[in-house]
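Got your viewer open? Here is a short tour, one selection at a time.

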Amino acid sequence: MHDSFIASIILLSPQIALITAMIVLLLLKICSTVNLRIMSHFSIAFLLLSLYLNISNYIKIGDAYAFNGVIFNDNFIYLANNFIIITSILIFFLLSSVKNLPQEVAILLLGSIVGSMIMIASNDFIALYLGLELASLSLYIAVASRTDDDFSLESGIKYFILSS
């Protein structure tokens with residue numbers, strides 16, 4: 001497949017769908033009062049969309065480069081992305097039943113999923129670093145998200161300091 005901008009966007013459509021979900025969830029959180037259960041179900045819907053896009057890219061495109069070789073998708077990368085998405089769907093099902101958890105955790109977990117998917121598909125050290133930072137920065141905040149728990153704040157600070 002020739003490397004053009006539209007082809008690169010199509011190849012990264014599962015990640016773009018999850019980034020869109022993050023933006024929509026942020027806007028929903030700002031504009032209205034939604035609980036974690038609704039945000040989890042909304043995230044599951046976008047994860048299913050991302051799974052569909054990943055499988056359709058595997059069937060229609062196959063092995064391909066995106067953005068002049070920065071991102072590469074082959075059979076193993078499609079399989080790893082599917083594994084991440086299916087595992088994330090199960091995590092969001094479990095997350096919808098947890099009480100006393102901030103609603104922002106769903107948005108942060110989606111950011112970590114996108115970072116992991118970019119990190120797996122990277123063919124360049126800059127893309128690898130971008131995916132690693134996106135995944136880890138989301139997790140720093142998610143670890144320290146329970147402000148009423150001292151252990152959560154302590155572990156978030158330790159995680160941030162030790163990683164830098």
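Which helices each supply at least two residues of the lining of the largest pocket? Select helix H2 (13–31) and helix H6 (125–143): these are the two to look at. Keep in mind while you click around that this is a predicted model.

**Stop 1: the pocket**

Stay with the pocket for a moment. H2 gives the most to the lining, with three residues. To show the whole lining, select Ile9, Leu12, Gln15, Ile16, Ile19, Phe67, Val70, Ile71, Ile118, Ala127 and Leu130. The space inside this largest pocket comes to about 150 Å³. Now colour that selection by class: you get ten nonpolar residues, one polar residue and no charged ones.

**Stop 2: the loop with Phe67**

One name on the lining list deserves its own click: Phe67. You'll find Phe67 in the loop between strand E1 (64–66) and strand E2 (71–73). Its relative accessibility is 31%, so Phe67 counts as partly exposed. Check the backbone too: phi of Phe67 is near 55°, a positive value in a residue other than glycine. As background, most residues other than glycine have a negative phi.

Step along to Asn68, which lies in that E1–E2 loop as well. Phi of Asn68 is also positive, near 55°. Is Asn68 buried or exposed? At 71% relative accessibility, Asn68 counts as exposed.

**Stop 3: aromatic pairs**

How many aromatic pairs does a search of the whole structure find? The search turns up four. Here are two of them to visit.

Start with Phe5 and Phe67, whose ring centres are 6.1 Å apart; the planes meet at 65°, so this pair is edge-to-face. The pair links distant parts of the chain, with Phe5 in helix H1 (residues 5–11) and Phe67 in the loop between E1 and E2, 62 residues apart. Phe5 has a relative accessibility of 56% and therefore counts as exposed.

Next, pick Tyr58 and Tyr78. This aromatic pair is edge-to-face too, at 5.4 Å centre to centre with 70° between the planes. Distant parts of the chain are linked here as well: Tyr58 sits in helix H3 (residues 36–60) and Tyr78 in helix H4, 20 residues apart. Turn on a surface and compare the partners: Tyr58 is partly exposed, with a relative accessible area of 42%, whereas Tyr78 counts as buried at 1% relative accessibility.

**Stop 4: along H4**

Tyr78 has brought you to H4, so select the whole helix, residues 75–95. Want a quick geometry check? At 1.5 Å a residue, the 21 residues of H4 should span 30 Å, and the end C-alpha atoms are indeed 30 Å apart. The buried residues of H4 are Ile77, Tyr78, Ala80, Asn81, Asn82, Ile84, Ile85, Ser88, Ile89, Phe92 and Leu95. What do they pack against? Show H1, H2, H3, E2 and H5 around them, and you have the packing partners.

Two of those buried residues make good close-ups. Asn81 counts as buried because its relative accessibility is 1%, under the 20% cut-off. Leaving out residues up to four places away in sequence, Asn81 touches Gln15, Asn54, Met117 and Ile120. Gln15 is a name you met in the pocket lining. If you have the distance tool handy, try Asn81 to Leu12: their C-alpha atoms are separated by 11 Å, although the residues are 69 apart along the chain.

Then move along H4 to Ser88. With 6% relative accessibility, Ser88 counts as buried. Its contacts, setting aside neighbours within four places in sequence, are Leu47 and Ile113.

**Last stop: H5**

Finish on helix H5 (residues 104–121), where 18 residues at 1.5 Å each should span 26 Å; the end C-alpha atoms are 26 Å apart, which agrees. Colour H5 by accessibility, and you'll see a helix that is mostly covered: 14 of its 18 residues are buried. H5 is also one of the elements that the buried residues of H4 pack against, so keep both helices on screen to look at that packing.

Notes
Residues are numbered from 1 along each chain as its sequence is written. This is a predicted model: local features need pLDDT of at least 70, side-chain atom pairs count only at pLDDT 80 or more; totals for chains, interfaces and linings use all residues. Side-chain values use heavy atoms; hydrogens and water are left out. Helices (H or I, at least four residues) and strands (E, at least two) are DSSP runs, numbered from the N terminus. Buried means under 20% relative accessible area, exposed over 50%, partly exposed in between (1.4 Å probe, protein chains only). Contact means heavy atoms within 4.5 Å. On a 1 Å grid over the protein atoms alone, a cavity is a set of points where a 1.4 Å probe fits but cannot get out, and a pocket is an open set with protein on both sides within 12 Å along at least five of seven lines; lining residues have an atom within 4 Å of a point. Grid points are joined across faces, edges and corners, and a volume is the space filled by probe spheres set on the points. Ala, Val, Leu, Ile, Met, Phe, Trp, Tyr, Cys and Pro count as nonpolar, Asp, Glu, Lys and Arg as charged, and the others, Gly among them, as polar. Rings of Phe, Tyr and Trp (its six-membered ring) pair if their centres lie within 6.5 Å; planes under 30 degrees apart count as stacked, over 60 as edge-to-face and the rest as tilted. The expected span of a helix is 1.5 Å times one less than its number of residues.
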